[in-house]
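Me: Got a fold open here and would like to talk it through. Could you help me find my way around?

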Amino acid sequence: MTTFVDRVVLHMQAGDGGHGCVSIHREKFKPFGGPDGGDGGHGGSVSLVVDPQVTTLLDFHFRPHLKAENGKGGAGSNRDGANGRDLMIKVPNGTVVQTLDGTVLADLVGVGTTFEAARGGRGGRGNASLANARRKAPGFAELGEPGDRLDVVLELKSVADVGLVGFPSAGKSSLISVISAAKPKIADYPFTTLVPNLGVVRVDNHTFTVADVPGLIPGAASGKGLGLEFLRHVERCAVLVHVVDTATLEPGRDPLADIDTIEAELAEYGGLADRPRLVALNKIDVPDGRDLAEIVRPDLLARGFRVFEVSTATREGLKELTYAMAELVEQSRAAAPPAEPTRIVIRPKAVDDQGFTIEAEPDGSFTVRGTRPERWVRQTNFDNDEAVGFLADRLARLGVEEKLAKAGAQPGDLVRIGEREFDWQPTLYAGADFVPGNRGTDVRLEEKSTRASAAERLAARKARRQRPEDELEAAPTTEAAADADDDWE
């Protein structure tokens, strides 16, 4: 069973906003109560927050689908809908959030760091909020906006000051177990360590963290073994320590060749050339290991490495090694730029920025792009003529009608805004001081019908029932008809 996961794909869905309510206040002795439809609640957002108690992404491996709560719809009597609850996802320190194509969205380092990954939809306004001096009792309300839906990749890069690198069974886990309180699994076979192990080391007044990075073998940077999965955990380390097995019995293995192989993998992975290195020649408690360490020590010093002969079994040389680690860590911290407080960046819009653009497509259609036009279209109930007319007024006031005409749009051309398509029909009344009619209707959208009105149909029915005047004159009177009947008898 998987016990450590450092890369997952999450499917996030923020909550949808609640719909606004259409309601008219009705109470005895108050014939004109006015609109009282409440607003819809906002949908909940999905945020990531760094928690020190979380060390792996295992939970998301089994539950990759995350959804925040939807906002509630508004109700009559000016009752607004409740906002959906935000979903706070706890992630380990050092989690990198990126898109599926590799674009980094956030690098979460530091306890309490929060990133809003998916924003909840805005709730729609009820007809009470839409009322104004001209539209005193709107017969429509805005729909709630859908929340953001996106897929993100979470990668965990351990935050450690010192990284222990080396071949499997070189003694990295044993070293971290004796210099810190970490208790990793230790055995005498390769790939005992399947997950990065972190340990906290205290030397005098200096405290730093050490990470054991497993799985580095020839070809690790290309995906062989476990190297590609765990090389990312070396990126944040300020100091790298080569742990070399001087008592190995494998053919073709020696300390210099091992270091050259690991350095080649680190160089291929990239971005680690500036990190200071230390070399720990391990297992000198074995006679052959001590002899080999003394032989290769001059060559390593000639390459510029600081070399320490250590034994995790007898703890020989560990004090000098930990002091050297603490010294390099302090130098790295001193050279790091001081942390600056978060700056609030204000980016004012340009004076001539209308908030939307119009693009002419090759097929002769036009696409309107902009935050406000697209949001207004999503909030419009197209089954309500008054809501559609209200949208036309808003777009006209924003300048969409004028800019479409300047772009060459002709009546009947296809216009796209968001996910909606329209046959553009410019009207002289859009955006003007239009006085609405009955609730839920808009006379500007009414089409002439060939069907006769009710009054016309009633007049025609009465006309059919009346006898023409010439027929009345030709018809005999009642007395004349009676005389004619007597004569016949």
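Me: To start, what share of the contacts in the protein with a separation of 6 or more comes from residues 24 or more positions apart?
Reply: It's 71% of those contacts, where a contact means heavy atoms within 4.5 Å. Bear in mind that this is a predicted model, with pLDDT of at least 70 needed for local features and 80 or more for side-chain atom pairs, while totals for chains, interfaces and linings use all residues. Numbering runs from 1 along each chain as its sequence is written, and side-chain values use heavy atoms, leaving out hydrogens and water.

Me: How many helices and strands does the protein have?
Reply: There are 13 helices and 18 strands. These are DSSP runs numbered from the N terminus: H or I of at least four residues for helices, E of at least two for strands.

Me: And how much of the protein counts as buried?
Reply: 42% of the 489 residues. Buried is under 20% relative accessible area, exposed is over 50%, and partly exposed is in between (1.4 Å probe, protein chains only).

Me: Give me a helix. How many residues of H3 are buried?
Reply: 7 of the 8 residues in helix H3 (172-179) are, so to speak, under cover. The buried ones are Lys-172, Ser-173, Ser-174, Leu-175, Ile-176, Ser-177 and Ile-179.

Me: What do those buried residues of H3 pack against?
Reply: Four strands and a helix: S9 (162-165), S10 (197-203), S11 (206-212), S12 and helix H7 (318-335).

Me: Switching topic: how many cavities of 30 Å³ or more turn up in the whole structure?
Reply: The search finds 2. A cavity is a set of points on a 1 Å grid over the protein atoms alone where a 1.4 Å probe fits but cannot get out; a pocket is an open set with protein on both sides within 12 Å along at least five of seven lines, and lining residues have an atom within 4 Å of a point. Points join across faces, edges and corners, and the volume is the space filled by probe spheres set on them.

Me: What lines the largest cavity?
Reply: The lining is Phe-140, Ala-141, Glu-142, Trp-376, Gln-379, Thr-380, Asn-381, Ala-387, Phe-390, Leu-391 and Arg-394. That cavity holds about 70 Å³ of space. Helix H9 (385-398) gives the most to the lining, with 4 residues.

Me: Which domains does that lining draw on?
Reply: Domain 1 (7-156) and domain 3 (357-463) each supply at least three residues; the bounds come from an automatic or database domain assignment.

Me: H9 again, then. Is Glu-386 buried or exposed?
Reply: Glu-386 is in helix H9 and counts as buried because its relative accessible area is 2%.

Me: What is Glu-386 in contact with, leaving aside neighbours within four places in sequence?
Reply: One stretch is Arg-135, Pro-138, Gly-139 and Phe-140, and another is Asn-438, Arg-439, Gly-440, Thr-441 and Asp-442. Phe-140 also lines the largest cavity.

Me: Does H9 turn up anywhere else? Which element gives the most to the lining of the largest pocket?
Reply: H9 does, with 5 residues. Helix H10 (400-406), strand S17 (414-417) and strand S18 (420-423) each supply at least two as well. The pocket has about 510 Å³ of space and 18 lining residues, with Val-388, Ala-392, Glu-401, Phe-422 and Gln-425 nearest its centre.

Me: Back to the cavities: which element gives the most to the lining of the second largest?
Reply: That one is strand S12, with 4 residues. S12 (239-245) and helix H5 (255-269) each supply at least two. The space comes to about 60 Å³, and the lining includes His-242, Asp-245, Arg-253, Asp-258 and Ile-259.

Me: Ile-259 rings a bell. Which residues does Leu-300 touch, not counting those up to four places away in sequence?
Reply: Ile-259 is one of them, along with Leu-256, Val-279, Leu-281, Phe-305 and Val-307. Leu-300 sits in helix H6 (287-302), and with 0% relative accessibility it counts as buried. Its C-alpha is 9.3 Å from that of Pro-255, 45 residues apart along the chain.

Me: Last one: where is Gly-102?
Reply: Gly-102 is in the loop between strand S5 (95-98) and strand S6 (104-108). Its relative accessibility is 40%, so Gly-102 counts as partly exposed. The C-alpha atoms of Gly-102 and Val-152 are 9.4 Å apart, with their positions 50 residues apart along the chain.
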